[in-house]
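This report is meant to be read with the structure open beside it. It takes up the metal ions, the bound ligand, one strand and a few backbone details in turn.

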Amino acid sequence: MEFGIKIGTPEKQRGACVVVGIFESKKLTDSAKVLDKVTQGYIKNILALGDMEGKMNTSLMLHNVPNTLFKRVLLVGLGKEQEFKEKAFLTAINTALSALQKTTATDAMLFLSDFSVNGRTNEWKAMQIVIAAISSGYRFDQLKSKPDNDQSSLRKIVLCIDDRTELTACEESLQQGMAIAHGMSLAKDLGNLAPNICTPTYLAKQAKDLAKTHKLKVSILEEKDMEKLGMGSLLAVAKGTEQPAKLIVLEYHGLGKKENPIVLVGKGITFDTGGISLKPAADMDEMKFDMSGAASVLGTLHAVAEINLPINVVGIIPTTENMPSGKATKPGDVVTSMSGQTIEILNTDAEGRLILCDALTYAERYNPKVVIDIATLTGACVIALGNFTTGLMSNDDKLAEELLSAGEQVGDRAWRLPLWDEYQDLLKSNFADMANIGGRAAGTITAACFLSRFTKNYHWAHLDIAGTAWKSGKEKGSTGRPVPLLTQFLITQAKAAS
Ligand code: BES
Ligand code: MN
Ligand code: ZN
């Protein structure tokens with residue numbers, strides 16, 4: 001998909017389709033007014049018929065409208081003008097996209113001034129439209145014997161603005177939006193792949209490919225390397241599987257080697273059966289998405305490299321399956337983590353924190369500015385925040401604020417939960433330094449408390465994406481989140497540093 005920015009008004013443009021907004025009830029936006037005027041009231045006549053009232057989720061495609069150079073005019077309902085906020089904007093854009101995709105139109109043009117959202121700039125709108133357009137064209141059919149054949153003809157979207165001084169900023173925003181959307185597509189592909197294909201070895205191969213195409217440095221630590229490093233916690237999770245565990249490290253250098261990096265650590269459980277603490281059968285297939293944190297790290301590095309951001313980023317991905325077997329870790333087993341702290345594994349299904357803790361200790365060697373881990377860590381997070389919001393926990397208020405605001409900016413939101421010391425007591429063990437579970441209450445927080453014991457030496461934030469990384473049901477599939485949040489955070493960091 002191609003995107004462009006142009007200065008202009010509707011009467012002088014041409015193309016396969018122009019999209020104009022109509023408010024409830026039948027109020028024309030500026031570009032609709034201009035088109036109505038040059039077409040001698042064509043649009044108002046249509047509205048008078050009552051086929052288009054400007055309601056949300058509605059659109060009307062017009063053909064052969066006289067006196068325009070467009071083959072089609074798409075009227076899209078914007079709802080009530082006072083209620084036109086971020087969500088309505090995105091709904092209108094998606095309504096327009098799906099109407100366009102039902103035609104053979106290869107290009108479309110729209111006027112950003114039609115969609116005035118309080119507090120949001122044209123740059124913001126441009127980025128959101130690009131992400132929506134690429135996301136709506138996403139298909140995952142690589143495992144079907146024949147492709148789905150429902151790809152639309154839409155190839156190009158041109159966004160018009162009136163103010164020449166906004167041109168450069170909007171163009172930059174387009175590029176960033178494209179990079180974010182491409183990063184999301186990569187993360188979605190990895191998440192959606194079947195777990196017999198997307199194994200730890202497969203993820204390592206993907207990391208190597210990414211390194212080759214985007215000039216990143218990659219190293220893959222094997223189990224024998226992890227043993228030397230004393231990663232007894234990570235290796236305990238890998239004991240039950242036939243697949244070799246990997247620790248993937250990717251380094252992106254957009255600045256000199258001396259600049260401290262931002263480290264992203266992604267949970268890469270390519271399938272979570274629960275291990276000996278076996279999960280119930282229902283919906284267990286969805287535990288192929290338990291590597292979504294890892295996928296988001298790869299997707300974000302992809303985006304950062306595509307934008308050429310002046311910043312240093314390291315991605316660390318501990319990856320293994322979590323399987324039961326005669327060799328698997330048992331409830332009650334005590335292991336020693338790389339940090340030296342011992343862990344009583346009371347539940348083998350709380351495996352995410354066990355692989356993350358050693359990766360978080362490993363992160364120390366990069367002298368990180370900040371470390372952010374991303375993990376489908378707890379079912380409790382889905383209960384607390386549902387499927388719209390990522391859980392955020394941090395030992396640093398500034399970092400927490402920056403992540404919340406990046407998510408707000410790009411429509412990939414998180415909400416902070418507390419990490420107060422009171423919760424730490426829930427992890428007490430009679431037999432080791434700590435247990436790997438804290439009981440049913442505050443499960444998302446106690447999981448983060450566990451991680452916090454391994455992140456004392458740097459500024460750290462934890463994103464629990466259990467509710468946001470994929471959708472269940474009819475639309476089952478990876479969402480590519482939180483690639484937008486992470487990439488926006490890094491864009492802002494790079495800007496602040498320059
Ligand atoms: N990967 C799961 C968390 C999960 C479950 C994410 C369902 C999304 C949907 C994680 O490894 C896990 O099993 N967590 C346990 C922890 C518990 C044993 C303390 C959970 O949430 O039940
Ligand atoms: Mn689990
Ligand atoms: Zn898991």
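## A strand and its partners

In β7, Leu-75 is the bridge partner of Leu-60, and this match belongs to the pairing of β7 with strand β5 (residues 59–63), which runs in the antiparallel sense over five bridges. The model described here is a predicted one. Strand β7 also pairs with strand β3 (residues 18–24), in this case in the parallel sense and over six bridges, and there Val-19 has Leu-74 of β7 as its bridge partner.

How many of the nine residues of strand β7 are buried? Eight of them are, so the strand, which spans residues 72–80, is largely enclosed by the rest of the structure. As background to the adjacent bridge partners, side chains in a regular strand alternate between the two faces of the sheet.

## The manganese site

The manganese ion (ligand 2) is coordinated by a carboxylate oxygen (OD) of Asp-272, by both the O and the OD of Asp-349, and by the OE of Glu-351, at 2.1 to 2.2 Å. Along the sequence these donor residues follow the spacing D-x76-D-x1-E. The pair Asp-272 and Asp-349 links distant parts of the chain, since Asp-272 lies in strand β13 (residues 268–272) and Asp-349 in the loop between β16 (342–344) and α10 (352–363), 77 residues apart.

The six donor atoms around this manganese ion (ligand 2) subtend angles of 70 to 167 degrees, and the arrangement is therefore irregular. For reference, the ideal angles for six octahedral donors are 90 or 180 degrees. The two aspartates also stand apart in their accessibility: Asp-272 is buried, with a relative accessible area of 3%, whereas Asp-349 counts as partly exposed because its relative accessibility is 22%, and the upper limit for a buried residue is under 20%.

## The zinc site and the shared aspartate

The zinc ion (ligand 3) has as its protein donors the NZ of Lys-267, the OD of Asp-272, the OD of Asp-290 and the OE of Glu-351, which lie 2.0 to 2.4 Å from the ion. Which arrangement do the six donor atoms around the zinc ion (ligand 3) make? Their angles run from 79 to 174 degrees, which makes the arrangement octahedral. In sequence the donors of this zinc ion (ligand 3) follow the spacing K-x4-D-x17-D-x60-E. Lys-267 lies in the loop between β12 (262–266) and β13, and Glu-351 in the loop between β16 and α10, so this pair ties together parts that are 84 residues apart in sequence.

Asp-272 bridges the zinc ion (ligand 3) and the manganese ion (ligand 2), and the two ions lie 3.2 Å apart. Lys-267 counts as buried at 2% relative accessibility, and Glu-351 is likewise buried, with a relative accessible area of 1%.

## Ligand 1 beside the metals

Ligand 1 is surrounded by 16 residues, and the closest are Lys-279, Asp-290, Asp-349, Glu-351 and Gly-379. Asp-349 and Glu-351 also appear among the donors of the manganese ion (ligand 2), while Asp-290 and Glu-351 are among the protein donors of the zinc ion (ligand 3).

An N or O atom in the side chain of Asp-272 is 2.9 Å from an oxygen atom of ligand 1. The backbone takes part as well, with an N or O atom of Gly-379 lying 2.7 Å from an oxygen atom of ligand 1, and one of Leu-377 lying 3.4 Å from a nitrogen atom of ligand 1. Taken alone, ligand 1 exposes 510 Å², and the protein buries 76% of that area.

## Backbone details

Most peptide bonds are trans, and most residues other than glycine have a negative phi. Against that background, the peptide bond from Glu-24 to Ser-25 is cis, with omega near -15 degrees, and Ser-25 lies in the loop between β3 and β4 (27–28). The peptide bond from Arg-481 to Pro-482 is also cis, with omega near 0 degrees, and Pro-482 is placed in the loop between β23 (477–478) and α14 (483–497).

Gln-40 is not a glycine but has a positive phi of about 55 degrees; this residue sits in the loop between α1 (30–38) and α2 (42–49) and is exposed, with a relative accessible area of 65%. Asp-283 likewise has a positive phi, near 60 degrees, and is found in the loop between β13 and α9 (292–307), where Asp-283 is exposed at a relative accessible area of 54%.

Methods. Residues are numbered from 1 along each chain as its sequence is written. Chains are lettered from A and ligands numbered from 1 in the order in which they are written. This is a predicted model: local features need pLDDT of at least 70, side-chain atom pairs count only at pLDDT 80 or more; totals for chains, interfaces and linings use all residues. Side-chain values use heavy atoms; hydrogens and water are left out. Donors are N, O and S atoms within 2.8 Å of the metal (3.2 Å for Na, K and Ca); water is not among the atoms, so sites may look incomplete. Four donors count as tetrahedral if all angles lie between 85 and 135 degrees; four count as square planar and six as octahedral if opposite donors are over 155 degrees apart and all others between 65 and 115; anything else is irregular. Helices (H or I, at least four residues) and strands (E, at least two) are DSSP runs, numbered from the N terminus. Buried means under 20% relative accessible area, exposed over 50%, partly exposed in between (1.4 Å probe, protein chains only). Two strands pair if DSSP finds at least two bridges between them. A residue is near a molecule or strand if one of its heavy atoms lies within 4 Å of it. A polar contact is a pair of N or O atoms within 3.5 Å; within protein, one must be able to donate a hydrogen and the other to accept it, and residues adjacent in sequence count only if both atoms are side-chain atoms. Accessible areas come from the Shrake-Rupley method with a 1.4 Å probe; for residues, only the protein chains shown count as cover.
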